[in-house]
Amino acid sequence: MKGTIVKGIAGFYYVKEEGRDTPAFQCKARGVFKKDGIVPAVGDHVAFQLGEGPEDDGLITQILPRKNQFIRPPIVNVDCFVVIMAAAHPKPNLALMDKFLVMAEKSSTDIIVCLNKLDLAKGGLTEEIQRLYGDVYPVVCLSAESGKHIEELRGLIRGKQTAFAGPSGVGKSTLLNALLPSAAAQTGDVSKKTKRGRHTTRHCELFDLGDGTMIFDTPGFTSFEIMEAEEDELQHLFPEMEPFLGACRYDDCRHLKEPGCMVRQAVEEGKIPRGRYESYKVLLGEIQAKNRY
Ligand SMILES: Nc1nc2c(ncn2[C@@H]2O[C@H](COP(=O)(O)OP(=O)(O)OP(=O)(O)O)[C@@H](O)[C@H]2O)c(=O)[nH]1
Ligand SMILES: [Mg+2]
Ligand SMILES: [Zn+2]
């Protein structure tokens, strides 16, 4: 039988059979993977056998090759990232948004930019998000709480194993519940004092919306892994820079202060949003600082 790991608790893995609306089977994974250094993870596509009796555990016999994998949170096979920020509470952090987008680009997934808490959006924010990202990514502005525009998102993630990325409190679990009420994922308010989320979601779980659409609920990504990008790779993780690459005077141009830089010229001419270019510079600085150690 073929299926997908949707949850892992204390040495047991819960495997949902492919294309069936039956509950997940409780399975063990025997030593075979340990010797290859592979730990089964939520999102894994596996081959498994049922136990002999109805009370017996199943057995995972094979883990199919992974498309990508993440450490924090420990999930694999992400087809699509919905990078989420809130219009307020917590207030939007575009630099962080760009960091998540770079991580998603590096793992070669589809990408959707999502502004949640549309009901709290003030003057010009949605236009600003559209201006910054609309040329390279699908942008959805919605309210998970009222359900406004969530069908637009549902259409974009159909058939994909999708992860929501974004800081605590932006509404990842609320959005999952809006798309799939039976998920009944726990949500938490945003602290009045620190204006931050409370890290409500503690475990990774994958929910089945039918039609091959699956959504991970996760505790949120740490931006740590992003810095595994190489210095000269970063420029390729900003799709709007791509048309201008290779035309700079110097082959190894980092698009900072070098003369004859076509990327900087494109920024001056308004062909690349300045905010995105500023994020590129910040991330490049972080990568360079890391490489110095
Ligand atoms: N006003 C408003 N509040 C929302 C909306 N969506 C979510 N919230 C609220 O935002 C708070 C945080 O939502 P969660 O879904 O727990 O956020 P999360 O991103 O899953 O947070 P972590 O699990 O901590 O990473 C909750 O109080 C929600 O009710 C929305 O569209 N509008
Ligand atoms: Mg959550
Ligand atoms: Zn350049």
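**Domain arrangement and local backbone features**

The C-alpha centres of domain 2 and domain 3 are 27 Å apart. The model is a predicted one, and the domain assignment divides the chain into domain 1 (2–63), domain 2 (80–223) and domain 3 (229–292). Between domain 2 and domain 3, contacts involve eleven residues of the former and ten residues of the latter. On the side of domain 2 that touches domain 3, helix 1 (94–106) and helix 2 (125–133) each contribute at least two residues. The largest share comes from helix 1, which gives seven residues. Sorted by class, this side of domain 2 comprises six charged and five nonpolar residues, with no polar ones.

Within the residue range of domain 2, helix 4 was examined for burial and packing. Helix 4 spans residues 172–179 and is mostly covered, seven of its eight residues being buried. The buried positions are Lys172, Ser173, Leu175, Leu176, Asn177, Ala178 and Leu179. These buried residues pack against two groups of elements. The strands in question are strand 6 (80–86), strand 7 (110–116), strand 9 (161–165), strand 10 (205–210) and strand 11 (213–217). A helix also takes part in this packing, namely helix 3 (150–157).

Strand 11, one of the packing partners of helix 4, is itself mostly covered, with four of its five residues buried. Strand 11 pairs with strand 9 in the parallel sense over three bridges, and Ile215 in strand 11 is the bridge partner of Thr162. With strand 10, strand 11 pairs in the antiparallel sense, over five bridges. In this strand 11, Phe216 stands opposite Leu206. Strand 10 and strand 11 form a hairpin, and two residues lie between them. Asp211, in the turn of this hairpin, has a positive phi of about 60°.

Two cis peptide bonds are described here, both preceding proline. One joins Arg72 and Pro73, with omega of about 0°. Pro73 belongs to the loop between strand 5 (58–63) and strand 6. The other runs from His89 to Pro90 and has omega near 0°. Pro90 is placed in the loop between strand 6 and helix 1, and helix 1 is the element that gives the most to the side of domain 2 touching domain 3.

Positive phi values also occur at Ala10 and Asn77. Ala10, which is not a glycine, has a positive phi of about 50°. Its location is the loop between strand 1 (2–9) and strand 2 (12–17). Ala10 counts as exposed because 4 C-beta neighbours lie inside 10 Å, and the cut-off for an exposed residue is 12 or fewer. For Asn77, likewise a residue other than glycine, phi is positive and near 55°. Asn77 lies in the loop between strand 5 and strand 6, the loop that also holds Pro73. Asn77 is buried, because 24 other C-beta atoms lie within 10 Å, where the cut-off for burial is 20 or more. Of these two residues with positive phi, Ala10 is thus exposed, whereas Asn77 is buried.

Terms used:
Residues numbered from 1 in each chain as written. Chains lettered and ligands numbered in written order. Predicted model: local features only at pLDDT ≥ 70, side-chain atom pairs only at ≥ 80, totals over all residues. Contact = placed C-beta atoms within 7 Å. Domains from an automatic or database assignment. Nonpolar A, V, L, I, M, F, W, Y, C, P; charged D, E, K, R; others polar. Pairing = 2+ DSSP bridges.
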